[in-house]
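Here are some exercises to work through with the model open beside you. Try each task before reading its solution.

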Amino acid sequence: MNSEVGPIISEGAPGDSNTARVVAAPASLPSGRFQGRAAFEQLVREAFRRAADEGWPEIIISDASFEDWPLREKAVVDAIHAWSKTGRHFTMLAKRFDSVQRYQPRFVSWRKTWSHIVECRHIPSSDPLDFPSAIWSRSWVMQRLDLARSTGVSGPEPERRVALRELLNERLRASTAGFAATTLGL
């Protein structure tokens, strides 16, 4: 998972005394296999940073409970906040959201503020071991294949993005609204 970027040399402006200057190019998100919880968490962090930097129009995240996702971290919520603009759409799919409410307070607070771009869906009857744990965007995806070991694959390949989107669409069709942004009392 190397996110370092080598320099790119670009020509200076016409008439500039410097003939070339070094410009940092954005690193691409990792592609290929990842292993371990630390690697998984870093991919989540980096994906949200990249979403903000590149202005991804749509993000879908899916997990049975999101219990081990780093959504409680200030840097992650700040990146999601930087991403959230008019015309963007965020879908969150889970078996249940009680762990999010219990362990991800920063994210819950952000979700309340930005509920107009966040759609939360759940499938309470599904098997948590068979539930996809993934991030999908139009340009990059990440999917955990073994939850116990936090191993999986990520990358921008069109085949990978289409396959994951089809799986998530199937689950979204079976889902119902969940995790209300506000609780109304009588």
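**Exercise 1. Find which residue in strand 5 stands opposite Ile59, and place the pair in its sheet.**

Step 1. Ile59 stands opposite Phe90 in strand 5. Helices (H or I, at least four residues) and strands (E, at least two) are DSSP runs, numbered from the N terminus. The model is a predicted one, where local features need pLDDT of at least 70, side-chain atom pairs count only at pLDDT 80 or more, and totals for chains, interfaces and linings use all residues. Residues are numbered from 1 along each chain as its sequence is written, and side-chain values use heavy atoms, with hydrogens and water left out.

Step 2. Strand 4 (residues 58–62) pairs with strand 5 (residues 89–94) in the parallel sense, over 5 bridges; pairing requires that DSSP finds at least two bridges between two strands.

Step 3. Now zoom out: the open sheet has 8 strands in the order 3-9-8-7-4-5-6-10, with mixed pairing. Its edge strands, each pairing on one side only, are strand 3 (32–35) and strand 10 (176–177).

**Exercise 2. Describe the surroundings of His122.**

Step 1. Locate His122 in strand 6 (residues 118–122).

Step 2. Leaving aside residues up to four places away in sequence, His122 touches Leu93, Ala94, Lys95, Phe97, Ser175, Thr176, Ala177 and Gly178 (contact means heavy atoms within 4.5 Å).

Step 3. Look at Ala177, which lies 55 residues from His122 along the chain, with 6.3 Å between their C-alpha atoms. The His122 side chain reaches the backbone oxygen of Ala177 at 3.2 Å.

**Exercise 3. Work out how helix 2 packs against helix 1 and against helix 4.**

Step 1. Helix 1 (residues 37–54) and helix 2 (residues 74–83) have axes 8 Å apart, at an angle of about 25 degrees. Axes are lines fitted to C-alpha atoms, for helices over the stretch in contact, and angles run from 0 to 180 degrees between N-to-C directions. Helix 1 and helix 2 are therefore roughly parallel (angles under 35 degrees; over 145 is roughly antiparallel, 65 to 115 roughly perpendicular and the rest oblique).

Step 2. List who meets whom: Arg45, Phe48, Arg49, Ala51 and Ala52 in helix 1 meet Val76, Ala79, Ile80, Ala82 and Trp83 in helix 2.

Step 3. Turn to helix 4 (residues 105–113): helix 2 packs against it at about 20 degrees, with the axes 9 Å apart. That makes helix 2 roughly parallel to helix 4.

Step 4. Here Lys74, Val77, Ile80 and His81 in helix 2 meet Arg106, Phe107 and Trp110 in helix 4.

Terms used
Polar contact = N/O pair within 3.5 Å; in protein donor to acceptor, adjacent residues only side chain to side chain.
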